[in-house]
Number of protein chains: 2
Amino acid sequence: MQAPATAAALAAPPTRYGRVAHALLADISGGRYPVGARMPTEAELEARFGVSRHTVRAAIRYLRERGLVTARAGVGTTVLAQRPPEKAVLSMNSVAELLQFTRHTRLALVDVETQRADAALAALLGCDRGDTWLRFRMLRHLRGMAKPIGLVHTWVRPEFGAIAEDIRRRPSTLISRIEERFGVKFAELKQDISPALLDAGLARLLKAPARSPALRILRHYYDRDGQILQASLGYYPEGRFSYNTRMRVEAR
Amino acid sequence: MQAPATAAALAAPPTRYGRVAHALLADISGGRYPVGARMPTEAELEARFGVSRHTVRAAIRYLRERGLVTARAGVGTTVLAQRPPEKAVLSMNSVAELLQFTRHTRLALVDVETQRADAALAALLGCDRGDTWLRFRMLRHLRGMAKPIGLVHTWVRPEFGAIAEDIRRRPSTLISRIEERFGVKFAELKQDISPALLDAGLARLLKAPARSPALRILRHYYDRDGQILQASLGYYPEGRFSYNTRMRVEAR
DNA sequence: GATTATTTGTTCGTATGTATT
DNA sequence: CAATACATACGAACAAATAAT
């Protein structure tokens, strides 16, 4: 009902299929093809736009790749959404809140060692085999809880090795110490959460049953240039920690 | 670190381009075309496989869509990764991306039943004991993966029960079907991720080993008035799915 | 239940455009 | 400028999935 979809939100490729795709996109957001309705058949679109079937199919593929329509043989092409995914804001999951969380925990250093990346570690850290890293292992405690909430392995470049003594004397999050000491800032964080079983060694350190389940959280910290600064791998056993987010759909 | 080990082989589409794509995939994972190397040109692949250029391009598109190669005009096609990600990665920074992800998966209905909330269910859903819910169980598949990536229990209010027949005929995400049919919109999503062990029943449905670890994702969907619309509890076994987020530090 | 019409999916062939070396 | 390689586009035919008869 409201204003002509002002934004050509997406840049149309300067191609024939791009023009067809965006004409259809305008029809969809304009309500001509409502969500759930079927689009014209490929043959009809050929006629309407005066292009070949190949071009029509390229246009529809463009819309499919963006999640706007779905196509099924024998049925047709159905509209899935009125507009390309709008930006919704994640209210809870910001870097600031993440760091806030780590401030409410206490760290205890387990050990530090130098590691040369084998194939598995190289894959984990996204580095070349043979690269040298300094690995810290630390237990993360929450005030008032007897058992640690997690065990974190953190790898830092050996250039930053000077912080090892600092950390030994007073454990803290490595990334903030690196930022202080070396004046670098991390600009981006990638995080991957997967399930894992605790092996005997991890279980003992965490005071958890062996072969019990845990969250395995892998984080990569990058600076503004996309250079990796630090990586960490944490194990958080069942019942002590869960990862909670809250998202709002932005008003349209 | 444990490796997911068994490469969940991608099912090749029973098509000519599917066979070409998987032959190339075998070459890539076999080391014939290492990461960073250039693939043969389209013309060379035509000759090698005895197919048309169109089919070669469809095969390469298949590999591109899976992030294995990249193609640039005037340059060629370059290998980006040695193996297809054998697990689905949910890269989620917004509700939009979450919905986008669910579009790339296929749902298969397991069963539907009416449930009266006992104490445990009431706690899980945040409702009163004795409330009636309709519970769907669905397996979530990723195109090209043999085993399901997860099993999702979804509870909806019995008022929305009319969608049961729809879903039975052609499974889809419940929340979108409810939005279509009843004109309600969810405005907020709360999500909680924790680790869990698969019991025998879940393991059987998921074709996973019993007592293997999984991500347990609980979601609550609310409308604008804070009324709960739907809740879901999903189990995603190790090696098939991971939860991925990317955060940037806000410039100050 | 079988048949037929409809619609998308796959595959060939060919030609021209565009980006890069 | 020329050669190379992917990108776009036209035309045609058959296959597969589905819906309607």
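Two residues are in contact if their C-beta atoms, placed from the backbone, lie within 7 Å. The model worked on here is predicted.

**Exercise 1. Find which residues of helix 2 of chain B meet which residues of helix 3 of chain B, and state how the two helices are oriented.**

Step 1. Take the contact list. From helix 2 of chain B come B:E42, B:L45 and B:E46, and they meet B:R53, B:V56 and B:R57 of helix 3 of chain B.

Step 2. Sort these residues by type. Two are nonpolar, none is polar and four are charged.

Step 3. Read the geometry. Helix 2 of chain B spans residues 42–49, and its axis lies 9 Å from that of helix 3 of chain B, at an angle of about 110 degrees.

Step 4. Classify the angle. Angles of 65 to 115 degrees count as roughly perpendicular. Helix 2 and helix 3 of chain B are therefore roughly perpendicular to each other.

**Exercise 2. Treat helix 2 and helix 3 of chain A in the same way: give the packing angle, the contact residues and their types.**

Step 1. Start with the axes. Those of helix 2 (residues 42–49) and helix 3 of chain A are 9 Å apart, and the packing angle is about 110 degrees.

Step 2. Name the orientation. The angle makes helix 2 of chain A and helix 3 of chain A roughly perpendicular.

Step 3. List the contact. Helix 2 of chain A brings A:E42, A:L45 and A:E46, while helix 3 of chain A brings A:R53, A:V56 and A:R57.

Step 4. Count the types. This contact has four charged residues, two nonpolar and no polar.

**Exercise 3. Describe how helix 1 of chain A crosses helix 3 of chain A.**

Step 1. Take distance and angle. The two axes come within 8 Å and cross at roughly 55 degrees.

Step 2. Classify. This angle makes helix 1 of chain A oblique to helix 3 of chain A.

Step 3. Add the hand. Helix 1 of chain A passes helix 3 of chain A in a right-handed crossing.

Step 4. Name the residues. Helix 1 of chain A contributes A:R16, A:Y17, A:V20, A:A21, A:L24 and A:L25. Helix 3 of chain A contributes A:T55, A:V56, A:A58, A:A59, A:Y62 and A:L63.

Step 5. Sort them. The contact of helix 1 with helix 3 of chain A holds 10 nonpolar residues, one polar and one charged.

**Exercise 4. Trace the strand pairings of chain A, then turn to the hairpin of chain B.**

Step 1. Begin with strand 1 and strand 2 of chain A. They run antiparallel and are joined by four bridges. A:T70 stands opposite A:T78 of strand 2.

Step 2. Look at the turn. Three residues lie between these strands of chain A, and A:G74 in the hairpin has a positive phi near 85 degrees.

Step 3. Move to strand 3 (residues 105–116) and strand 4 (residues 132–142) of chain A. They pair in the antiparallel sense over 11 bridges. Here A:R116 is opposite A:T132 of strand 4.

Step 4. Go on to strand 5 (residues 150–156) of chain A. Seven bridges join it to strand 4 of chain A, and the two run antiparallel. A:M138 has A:V152 of strand 5 as its bridge partner.

Step 5. Now take chain B. Four bridges link its antiparallel strand 1 and strand 2. B:R72 has B:G76 of strand 2 as bridge partner. In this hairpin, with three residues between the strands, B:G74 takes a positive phi near 85 degrees.

**Exercise 5. Work out which residues and elements surround DNA strand C and DNA strand D.**

Step 1. Start at DNA strand C. Of the 22 residues around it, A:T41, B:R16, B:S52, B:T55 and B:G74 come nearest. Strand 1 (69–72) and strand 2 (76–79) of chain A each give two or more residues to this surface, as do helix 1 (16–29) and helix 3 (53–65) of chain B.

Step 2. Find the main contributor. Helix 3 of chain B gives the most to the surface near DNA strand C, with four residues.

Step 3. Sort the surface near DNA strand C. It has eight nonpolar, nine polar and five charged residues.

Step 4. Turn to DNA strand D. Of the 23 residues around it, A:R16, A:S52, A:T55, A:G74 and B:T41 come nearest. Helix 1 (16–29) and helix 3 (53–65) of chain A each give two or more residues, as do strand 1 (69–72) and strand 2 (76–79) of chain B.

Step 5. Finish the count. Helix 3 of chain A supplies the largest share near DNA strand D, four residues. The surface near DNA strand D divides into eight nonpolar, nine polar and six charged residues.

Definitions and conventions
Residues numbered from 1 in each chain as written. Chains lettered and ligands numbered in written order. Predicted model: local features only at pLDDT ≥ 70, side-chain atom pairs only at ≥ 80, totals over all residues. Near = placed C-beta within 6 Å. Nonpolar A, V, L, I, M, F, W, Y, C, P; charged D, E, K, R; others polar. Axes fitted to C-alpha atoms, helices over the stretch in contact; angles between N-to-C directions. Parallel < 35°, antiparallel > 145°, perpendicular 65-115°, else oblique. Pairing = 2+ DSSP bridges. Left-handed = near helix turned anticlockwise from the far one by under 90°.
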